[in-house]
Amino acid sequence: MKMDLLQISNLSKSFHEHSVLRDISFKVGRGEVVAVIGPSGSGKTTLLRCATMLERADGGSISMGGVVFLQNGVYADRKIIREARSKCGMVFQAFNLFPHMSVLENIIDAPVHVAGVSRQEAEKKAMELLAKMELVDYASSYPCELSGGQQQRVAIARALALNPEILFFDEPTSALDPELTKGVLRVIRSLADENMTMVIVTHEMDFAAMVADRIVFMADGIIVEEGRAEQVVNHPVNERTKAFIAGLKGGF
């Protein structure tokens, strides 16, 4: 059985009077790929942002790689939060690359200035990652000179540069056309083949069914259904899940 790398218990989050997450509990095992699906406004992005400490939760507990940084609604001190944060990487829907930096500088910025890695070592690692992303020739280019798919692959390389134990993806292909989407999904699939632990918010159901070990379906701030990917996609139990997946498959 895979050891749990991420544990979330009874997580809650509200914005003003609006409850976005309600009593969310789930685990992600080391080497496991979990796809999170659901309609817009169901809380998927907020879940990722709370898990990666980009958003403060109101209640619940979260541990990352055995480091408990939120317990019963109370956050740990800065040192523990930094330790937990070092274990995860985030790839955003809108790439979030620094426009004034080259591709290489985007990738080495955090390793050099946050993790204290030497520039020489950081550049070596960056070039290895760019080779993996098939982007070696673009090391000196700027984000505006790249296609959306290339920018997203640079964003993935940047997230991997800090050697995270778990990667979070927030709709990594929603800003891309179908042709560019293929390249990004191919990279994510290769990471899955290498047993990279990942949590992927996505609307690409075929991809989720192919790559994910488990699928979590969210609606109205709660987890409605979760299970093995094949079971949730092809034999959902909950009526809300059935309707959502039928809609994605063109059933409406």
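Buried means under 20% relative accessible area. By that cut-off, six of the eight residues of helix 1 are buried, and the helix is mostly covered. The model shown in these views is predicted.

**View 1. Helix 1 is mostly covered.** The buried residues of this helix are Lys44, Thr46, Leu47, Leu48, Cys50 and Ala51. Just after helix 1 comes Met53, with a positive phi of about 65 degrees. Most residues other than glycine have a negative phi.

**View 2. Six strands form an open sheet with mixed pairing.** The strand order is 7-8-9-3-10-11. Strand 7 (88-91) and strand 11 (222-228) are the edge strands, and each pairs on one side only. From one strand to the next, the twist averages 15 degrees. Helix 1 (residues 44-51) packs on this sheet. Its contacts there are with strand 3 (33-37), strand 7, strand 8, strand 9 (197-201) and strand 10 (214-219). The direction of helix 1 makes about 150 degrees with that of strand 8. Helix 9 (residues 239-248) also packs on the sheet, touching strand 3, strand 10 and strand 11. The direction of helix 9 makes about 100 degrees with that of strand 10.

**View 3. Strand 7 and strand 8 pair in the parallel sense.** Four bridges join strand 7 to strand 8 (residues 166-170). Met90 stands opposite Phe168 of strand 8.

**View 4. One face of helix 9 is lined by its buried residues.** These residues are Thr241, Phe244 and Ile245. Seen down the helix axis, they fall within an arc of 90 degrees, so they line one face. An α-helix has 3.6 residues a turn, so residues three or four places apart point the same way. The buried residues of helix 9 pack against strand 3, helix 7 (205-211), strand 10, strand 11 and helix 8 (229-234). At the start of helix 9, Asn238 places a side-chain oxygen within 2.7 Å of the backbone nitrogen of Arg240.

**View 5. Phe217 and Phe244 form a tilted aromatic pair.** The structure holds two aromatic pairs. In the pair shown here, the ring centres of Phe217 and Phe244 are 5.2 Å apart and the planes stand at 40 degrees. Planes under 30 degrees apart count as stacked and those over 60 as edge-to-face, with the rest tilted. The angle of 40 degrees therefore makes this pair tilted. Phe217 lies in strand 10 and Phe244 in helix 9, so the pair ties together parts that are 27 residues apart in sequence. Phe217 and Phe244 are both buried.

**View 6. Strand 1 and strand 2 form a hairpin.** Strand 1 (residues 4-15) and strand 2 (residues 18-29) pair in the antiparallel sense. Eight bridges join them. Leu6 stands opposite Val28 of strand 2. Two residues lie between the two strands. In the turn, His16 has a positive phi of about 60 degrees.

**View 7. Ser61 is a buried residue of strand 4.** Strand 4 spans residues 59-64. The relative accessible area of Ser61 is 18%, so this residue counts as buried. A polar atom of the Ser61 side chain lies 2.9 Å from the backbone nitrogen of Asn72. Neighbours within four places in sequence aside, Ser61 is in contact with Gln7, Ile8, Ser9, Leu70, Gln71 and Asn72.

**View 8. Gln150 is a buried residue of helix 5.** Its relative accessible area is 13%. Leaving aside neighbours within four places in sequence, Gln150 is in contact with Leu135 and Tyr138.

**View 9. Asn96 has a positive phi, and so has Asn163.** Phi of Asn96 is near 55 degrees. Asn96 sits in the loop between strand 7 and helix 3 (103-113). With a relative accessible area of 41%, Asn96 is partly exposed. Phi of Asn163 is near 50 degrees. The loop between helix 5 (148-160) and strand 8 holds Asn163. Asn163 has 52% relative accessibility, so it counts as exposed.

Key:
Residues numbered from 1 in each chain as written. Predicted model: local features only at pLDDT ≥ 70, side-chain atom pairs only at ≥ 80, totals over all residues. Heavy atoms only, no water. Pairing = 2+ DSSP bridges. Axes fitted to C-alpha atoms, helices over the stretch in contact; angles between N-to-C directions. Contact = heavy atoms within 4.5 Å. Phe/Tyr/Trp six-rings, centres within 6.5 Å; stacked < 30°, edge-to-face > 60°. Buried < 20%, exposed > 50% of the residue type's maximum accessible area, 1.4 Å probe, protein only. Arc of directions from axis to C-beta. Polar contact = N/O pair within 3.5 Å; in protein donor to acceptor, adjacent residues only side chain to side chain.
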